[in-house]
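Hello,

Here is the structure I promised to pass on. Please open it first, then read my notes below.

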Amino acid sequence: MKTILSILGALIGAALMFGVGFYVSQFLFKEDVPPPPPPDYFSETSGGSRADLTGGDQKIVEVRDGESIRNAVADAEPGTIIRVYPGRYNETIFIDKDFKIMNYKGNGIMGQAGNNFVIRNNWVKDAGIYGIFPEYGKNGLIEHNIISGIADAAIYVGMCDNIDVRYNEVHDNVAGIEIENSRKVLVEGNYAHNNAGAIFALITPGLPIKNCRNVIFRSNYVINNNHENFGEPGSIVGKLPKGTGIIVLAADKVTMENNIVMGNDNVGIAVTDLSFTDNMDKDPKTDPYPDSLVILDNLMANNGNNPVGQVKTLGKARMSYKGLDILAMGGGKGSCIKDRSRYRTWGLDGYGACPPTTTTGIQSYMLDKPAEPRDVDKEREGKLVYYGVCSGCHAYDTRLIGPKVTDIQKIRADQQAR
Amino acid sequence: MNQRFRIIIQPLDRIFTKHVRYLIVLLPLVVFVSLGVIYQSSNSKEPDRPSSDKASGSASFSTQLRDRCPPGFELTDSNTCECRHMYQQYKNLQGAGVGGLQAGLPEARDGFSPQQIDLGRLLFFDPVLSADSSTSCASCHKPEKGFSDGRGRSMGMHEKPLQRGAPSLWNVAFKKSFFWDGRASTLEEQMQEALFNGDEMGNTKDSLLAALNNDQAYQLLFNEAYPENHGGQITLEEVYTALTAFQTSLISLNSRYDQYAHGNHNALSEREIKGLNVFRSSVARCAECHTPPLFTNRQIAVIGAPAADGAPFDEGAQATFGDSSLRGGFKVPTLRNIAKTAPYMHSGAFTTLEGAIRFYNKGRGHAVPEGENLDLHWLIHNPDLKDKEVKQLVDFLKTLTDQRFKPQVPEQLPSGLPLVHKHKRSS
């Protein structure tokens, strides 16, 4: 009897101690536990460069304060390295050649349909709407950039494929890193702090490319993103409440693993469908629901202490002052979460337990080989030139405005033979 | 000899001089009466499409349709025309055909036969398609005006302004929705509204078919274009197909801008390149919606452009999709051949390119009528462009002109009706 009592006493004691520990730990996380130190962005070892830019007998052009970068670009031949020295350059530079940009401070970098790009080591501050904005690109690397003070997205990957976003620091922006209507994007090892919202995977309806899927958010530091939202009216990010860490808006197959998400006052991770920001029927070709999300091991604490808007209303409804780590609202199917009990969640009833899985096998979403700029051989190219350009004046075997092709062939026969 | 001859000749001579006046009167009478009888009899029986070997009595119209594809198209072994253009050498992201200088285009609607395209060309210019033979497709889509009509709001057969302007037909093969508010999803669907709307061409399906089936020249031409239906009745589907075939042959992808895009950096002047750079800058952000190479992203955008003078506010795509966030939304038009298609916007509110650009420069929502709460597109802001930059933009937009593949206007129409699209209408 005594032994039974003492075992019982020990058990009760243990339970009490556990309870006290639990209480204390909550307190600790709420107040003072500092997040792990952010990564060192410019050490030799962090990351590594996939695109080798040195070597060979490249021509180097130097541009110094007062000179024109634009002129240097205009004169550049394949392989030329343009070194822009510190200075104030009031130019907008458009590069219609293959290029890479490194070590740059100034207004935003923006590109349409650039493939195989590297945007590295840039410092972009208060640049307006976008910090780094590749659009319609395939196979790109955005790494080691520091971006702040942007009214929309600091790093804005729009309608792209096969992009890695690594080891960047984004702070004091409306949106830190925004993956919009893109596929195969790896967002890894970034440090996002004091933005209104840190990292997004979202669908914006009304754009020509309609889906967003196969996105990995891995090992990012998503800390204290509580900046006021100073976004432009009408933009999707302008409608989002401040204090949100990771946001998945209608995107599919987004995997979140090994992220540290702390101190975001609205909610740590928010998952929502398009009804949150927009009218769902606006774009009938867009699927408005976030499907097949995978939430694996993440370190989350101290989120949701001061919710706003819908999340605040929800807090009142569920009669809890405790903030949420993960919140899912609206429709969506096929999603899963690992160890859900380690997070404070709401709306994840439809989420199953994830089967054992990890993204560590995926080192990069970039392509093994550069995306080919051209799709056609010489003969087909010639055909396209003939039909696309020449055929307005030269028919094959009758005279239109110019002589017929068969005649031109006769005249040029000897040149062809040579 | 002479004597005998005179005996024969004299009576003839007498008869001729005596009765020639009767002949002059009678002969045409006989001709007209017999023509009337022929017409009547041909009307009374069910009209059959004659095969070309009994072509007697057809109008003087040449019944041969072209067996060659229009420029920009390659003839395949199965007698279809496939669109060929320089952008086919580039990759096409997600089939959307957007983004940057060297990006692929979306699939063009093609694969019609040369004969169908040529028949469509004749139908396009022929006012026989309208109720009162006053109006052809080309009345509102004039080749010399970039296949638009130079009016803010188009004018149908009753000379009453319609709700909106006629959009250009250049590169319509790449479009996936039609009308300013996107309410039709195929050209076939779109043209039925124009043909059978009382305010536009005012025809009915029955009378359109009757007019074509009663026209021998058209019967022969339809036989040629649709050999599988040789000798049968002309159908509406055949008409729609031919008109679609012609309209999708209007390709404009050879402007000086295109030469620049394909790598000839001397194709544009320094001023024009500056304009291009303003166009695609993150300040002006024109290229975000007017995305190259088509210079449209083929989406709907609410930009808050003003209505035409005196016209009520136009709800636009809200009606099509039943979505209040699309109130006042219209399709993003292509900017190709834009210099040829003034005035601009759905209402024709701006007569010049500069005016249209300055609209965007005057600030977000400045032209939205009071009481309207529009969900304006997020890229509409105040770019605060300088005068110089606005002018550079105009210079650049003019480089998008290319009408090299402009089709030939028929000299003569199968119906025998005169060409009407150059007629001035009172406005």
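**The second largest pocket**

The second largest pocket has a volume of about 1,100 Å³. Its lining counts 39 residues, and those closest to the centre are Ser391(A), Ala395(A), Leu400(A), Cys69(B) and Pro71(B). Both chains give elements to this lining. Chain A gives two or more residues from each of H4 and helix H5 (405–417), and chain B does so from strand S1 (73–75) and helix H2 (114–125). H5(A) has the largest share, with five residues. Sorted by class, the lining has 20 nonpolar, nine polar and ten charged residues.

Keep in mind that this is a predicted model.

**Where the chains touch**

Next, look at the contact between the two chains. Chain A puts in 48 residues and chain B puts in 47 residues. About 4,300 Å² is buried between chain A and chain B. Carbon and sulfur atoms give 54% of that area.

How many salt bridges are there between chain A and chain B? The count is one. Glu74(B) pairs with Lys383(A) in a salt bridge, and their closest N and O atoms are 3.0 Å apart. There are also five residue pairs in polar contact across the interface, counting pairs with both residues at pLDDT 80 or more.

Which elements of chain A give two or more residues to the side that touches chain B? They are strand S4 (109–112), strand S5 (117–135) and helix H4 (378–388). H4(A) gives the most, with seven residues. By class, this side of chain A has 20 nonpolar, eleven polar and 17 charged residues.

Helix H4 of chain A is worth a second look. H4(A) appears in the side of chain A that touches chain B, and H4 of chain A also helps line the second largest pocket.

**The cavities**

Now turn to the enclosed spaces. The structure holds eight cavities of 30 Å³ or more. The largest cavity contains about 1,000 Å³ of space. It is lined by 50 residues, and the closest to its centre are His290(B), Val332(B), Pro333(B), Leu335(B) and Tyr360(B).

Three elements of chain B give two or more residues to this lining: strand S4 (329–331), helix H11 (353–361) and helix H12 (387–398). H11(B) gives the most, with four residues. The lining of the largest cavity divides into 29 nonpolar, 13 polar and eight charged residues.

Best wishes

Technical notes. Residues numbered from 1 in each chain as written. Chains lettered and ligands numbered in written order. Predicted model: local features only at pLDDT ≥ 70, side-chain atom pairs only at ≥ 80, totals over all residues. Heavy atoms only, no water. Contact = heavy atoms within 4.5 Å. Buried area = accessible area lost by both parts, 1.4 Å probe. Salt bridge = Lys/Arg side-chain N within 4 Å of Asp/Glu carboxyl O. Polar contact = N/O pair within 3.5 Å; in protein donor to acceptor, adjacent residues only side chain to side chain. Nonpolar A, V, L, I, M, F, W, Y, C, P; charged D, E, K, R; others polar. 1 Å grid on protein atoms, 1.4 Å probe; cavity = no way out; pocket = protein on both sides within 12 Å on 5 of 7 lines; lining within 4 Å. Points joined across faces, edges and corners; volume = space filled by probe spheres on them.
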